[in-house]
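Colleague: I would like to learn how to read strand pairing, cores and confidence from a model like this one. Could we take the features one at a time, with the general idea before the case?

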Amino acid sequence: AHLFDFSLRSSKLGAIPLSNDTVARRIVDMSNDIREQLVKKSPYYALQLDESTDIAGQAQLLTYARYLRNKAIEEDVLFCWPLQSHTTGEDIFNVLDIFIRENGLAWDRCVGLCKDGAQAMTGRECGLAARVQQVAPLVKWTHCMVHREALASKKMPVLFDSVLNQSVKIINLFKSRLQNSRLFGVLCQEMWSGHEQLLLHNEVRWLSRGRVLQWLYELREEVKCFLTEIKSDLAKHLDDTMWLTSLFYLVDIFDRLNGLNLSLQGRETHILLLADKVHAFTQKLDLWHGRISRGNCDMFPSLADFITDAGTSHDFSSLFQSASEHLSAMRKQFATYFKEDYRSFAWVRDPFVCTANELSIDMQEQLTELKSDSRLKELFSSCPLSSFWVALRQEYPQLCDVALKILLPFASTYLCEAGFSKMTALKTKYRNRAQIEDDLSLCLSNIEPRIEDLCKAKQAQVSH
């Protein structure tokens, strides 16, 4: 029963015999039934995929699809298959191509492919993007926007990079020694602290740096007390005003970056929505750069409070200079990683306000008719953007097809990352040889398997 968490399906599953072989067969049947209800009838679909290694060292390729179903755009897990040998772009493409052909899909209906920026995915000759474009030239490739945001914010000036590394050393002193961790927990309890432990820094996790520094900032007095007690040389940093000022700046800027990161995650997002969020953040970077260049840091509350408490006895001009360089460099990095210009698709965001001179005359006429329909204005204000364009597909087919080809492609690999978290929960060290592809499909799918029909079909086979 721990293989899947289906509280709503428990009554239906209760009628199924629970021998090991029967359960395994039924899981496969239900997984296949879900797959049958997926993409096949959709005129277009988009894919999101990523590769990760499970507890047994087996590379797993997880793929999601976004498609039209029941007059709405839906997204669901497509498959999770192991990569038997290599994880090159060619191997990933072969697995993807086999699934698409075996399940009656067609490459010419695929309008989007979202993945991370690994060499196996982006190689010009043997990368997955190159191989897919050979069979589907019209596919729009999207580099995961969450991954790009992490890359754009990674580089820092020497001052801040040094403070970050020293902060990690402080944290590792606690996390790598269990006795230190226990004693520090007791100290935090005695001092009535908001936390009892520091967080471990992990370069893989998108939000790691911000949360690690935030907790170090909140527990700085407890950390200083403990480091002084054990006579660690690292205690001197917590008495250094400039070091603390740099730490507070990093806490604030990573808090802003974490806010952007979280806003780029989630289900039912599209490229236009996330592009607007990134554009707004880059405009804020310009604003912050201008203000901190003039010695104003009120947009960074932790830094501003510390400088106010320190008074006029300290000169923070060098920190403002480093922060100004950091914000300027980050602005350039964002411009490098986010080069796309979506202004020509403004009519998709709001067809009642924006024009579309780049469209053909037929589609411009359809857009003119759409703008004049007051009934559709009410629909536009009362439903999600994607649902609005799906609802008008029969009435304005050409215009809606163009809009849907823009809204269907995934903008990030968030669903794959969430799926790998579920895979980690299913395939533990105690079940490291389990084949969880079908179990994972049942766990992640939003589609209800037609259990009654499957049971009737099995009973008919047995009686026959």
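Modeller: Let us begin with pairing, where two strands count as paired if DSSP finds at least two bridges between them. This is a predicted model, and in it Gly 112 of strand E4 has Lys 140 in E5 as its bridge partner.

Colleague: How many bridges join E4 and strand E5, and in which sense do the two pair?

Modeller: E4 and E5 (residues 140-143) pair in the parallel sense over 4 bridges. Strand E1 (residues 45-53) also runs parallel to E4 and is joined to it by 4 bridges, with Gln 48 having Cys 114 as its bridge partner in E4.

Colleague: Is strand E4 mostly covered or uncovered?

Modeller: In general, the side chains of a regular strand alternate between the two faces of the sheet. Here strand E4, which spans residues 110-115, is mostly covered, with 6 of its 6 residues buried.

Colleague: Which residues touch the most other members in the largest nonpolar core?

Modeller: The general idea is that in soluble globular proteins nonpolar side chains tend to be buried together. In this model the largest nonpolar core has 86 residues, and Leu 250, Phe 334 and Trp 389 touch the most other members. Helix H11 (residues 241-263) supplies the largest share of this core, 11 residues. Apart from it lies another core of 24 residues, which includes Leu 49, Leu 83, Val 95 and Ala 136. As for Leu 250, if residues up to four places away in sequence are not counted, Leu 250 touches Met 156, Phe 160, Val 163, Leu 164 and Leu 213.

Colleague: Why is Thr 282 classed as buried?

Modeller: The cut-off for buried is under 20% relative accessible area, and Thr 282 is classed as buried because its value is 6%. Thr 282 is found in helix H12 (residues 271-293), and its side chain reaches the backbone oxygen of His 279 at 2.7 Å. Leaving aside neighbours within four places in sequence, Thr 282 is in contact with Arg 331 and Phe 334.

Colleague: Which elements of the chain have the lowest and the highest mean pLDDT?

Modeller: Confidence is given for each residue on a scale from 0 to 100, and the chain has a mean pLDDT of 79, with 76% of its residues reaching 70 or more. Among the elements, helix H1 (residues 10-13) has the lowest mean, 53, and H12 the highest, 94. Over residues 1-6 the pLDDT is below 50, although the model gives this stretch 14 contacts beyond near neighbours in sequence. For residues 199-207 the pLDDT stays under 50 as well, and the model has 23 contacts for them beyond four places in sequence.

Technical notes. Residues numbered from 1 in each chain as written. Predicted model: local features only at pLDDT ≥ 70, side-chain atom pairs only at ≥ 80, totals over all residues. Heavy atoms only, no water. Core = buried A, V, L, I, M, F, W, Y, C linked by side-chain atoms within 4.5 Å. Buried < 20%, exposed > 50% of the residue type's maximum accessible area, 1.4 Å probe, protein only. Contact = heavy atoms within 4.5 Å. Polar contact = N/O pair within 3.5 Å; in protein donor to acceptor, adjacent residues only side chain to side chain. pLDDT = per-residue confidence, 0-100.
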